[in-house]
Amino acid sequence: MKNYEIVLLFTVNEENLSLQTVDKFKKLVSDKGGKIDRFEDWGNLKLAYPINKNTKAHYILMNISANNEILIELSGMIKYNDNILRHIILSCKEAITEPSLMLKKEISQAS
């Protein structure tokens, strides 16, 4: 199994729908024998530039261990979802489980 980092930008209007979609992605990975190493919901953040007239997006970060079959199916689900403004899937050398800089920043600001 290979390790991947996935960042998804959802439209802000459909937050409930975006969480249901993410649950489907998580279920797909676990049902097919993959593993979710890290999951972070960064919330609504301002975009650097408007995308389809949206100035904010709901950011989700997932690190998964998956085989090629899972990745292909997940990519298809992401590609044909109208609520996802942008996405990126990166291959990683090793599984990443520690909190990201974005999450550490949120925790330090809350203190």
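Here are legends for a set of close-up views of a predicted model.

**View 1. The four-stranded sheet.**
This open sheet has four strands in the order β2-β3-β1-β4, and the pairing is antiparallel. The strands on the edges are β2 and β4 (84–92), each of which pairs on one side only. Ignoring direction, neighbouring strands of the sheet are turned by 20 degrees against each other on average. For anyone zooming in on the backbone: strands of a sheet pair through backbone hydrogen bonds, either parallel or antiparallel.

**View 2. β3 and its two partners.**
Look here at β3 with a strand on each flank: the sheet order puts β3 between β2 and β1. Strand β2 (residues 35–51) is joined to β3 by 11 bridges, with the two running antiparallel. A handy marker for that pairing is D41, which stands opposite I60 in β3. Over on the β1 side, nine bridges link β1 to β3, again an antiparallel pair. There, V7 faces L61 of β3, standing opposite that residue. How many of the 13 residues of β3 are buried? The count is 11, so β3 is largely enclosed by the rest of the structure.

**View 3. β1 against the edge strand β4.**
Swing over to β1 and β4, which run antiparallel and are joined by eight bridges. To get your bearings, find E5, which stands opposite L90 in β4. Strand β4 is one of the edge strands, pairing on one side only.

**View 4. The turn of the β2–β3 hairpin.**
The hairpin of β2 and β3 has two residues between the strands. Most residues other than glycine have a negative phi, and most peptide bonds are trans. With that in mind, have a look at N52, which is not a glycine and still has a positive phi of about 50 degrees. N52 sits in the loop between β2 and β3, and at 64% relative accessibility it counts as exposed. K53 is in the loop between β2 and β3 too, and its phi is also positive, near 65 degrees, in a residue other than glycine. With a relative accessible area of 83%, K53 is exposed. For a sense of scale, K53 and E40 are 13 residues apart along the chain, and their C-alpha atoms are separated by 25 Å.

**View 5. Two helices on the sheet.**
Helix α1 packs on the sheet and touches β1, β2, β3 and β4. Its direction makes about 145 degrees with that of β2. Helix α2, meanwhile, lies across β1, β3 and β4, and runs at about 165 degrees to β4.

**View 6. Where α1 meets α2.**
Two packed helices are described by the angle between their axes and the distance between the axes. Here, the axes of α1 and α2 come within 10 Å and cross at roughly 165 degrees. That makes α1 roughly antiparallel to α2. The crossing is right-handed. Which residues make the meeting? From α1 come K24, F25, L28 and V29, and from α2 come I70, E73, L74, M77 and I78.

**View 7. Inside the largest nonpolar core.**
This core, the largest in the model, has 17 residues. I6, L8, I64, L74 and I78 have the most contacts inside it. The elements giving two or more residues to it are β1 (2–10), α1 (15–31), β3 (54–66) and α2 (68–79). L74 makes a good centre for the view: leaving aside neighbours within four places in sequence, L74 is in contact with I6, F25, L28, V29 and I64. Elsewhere, a second, separate core of nine residues includes L9, W42, L47 and A57.

**View 8. N83, tucked into a loop.**
Buried or exposed: how does N83 come out? N83 is found in the loop between α2 and β4, and it is buried, with a relative accessible area of 16%. Setting aside neighbours within four places in sequence, N83 is in contact with L9, F10, T11, E14 and L17. If you pull the view back to include T97, you'll find that N83 and T97 are 14 residues apart in sequence and 27 Å apart in space, C-alpha to C-alpha.

Notes
Residues numbered from 1 in each chain as written. Predicted model: local features only at pLDDT ≥ 70, side-chain atom pairs only at ≥ 80, totals over all residues. Heavy atoms only, no water. Core = buried A, V, L, I, M, F, W, Y, C linked by side-chain atoms within 4.5 Å. Buried < 20%, exposed > 50% of the residue type's maximum accessible area, 1.4 Å probe, protein only. Contact = heavy atoms within 4.5 Å. Pairing = 2+ DSSP bridges. Axes fitted to C-alpha atoms, helices over the stretch in contact; angles between N-to-C directions. Parallel < 35°, antiparallel > 145°, perpendicular 65-115°, else oblique. Left-handed = near helix turned anticlockwise from the far one by under 90°.
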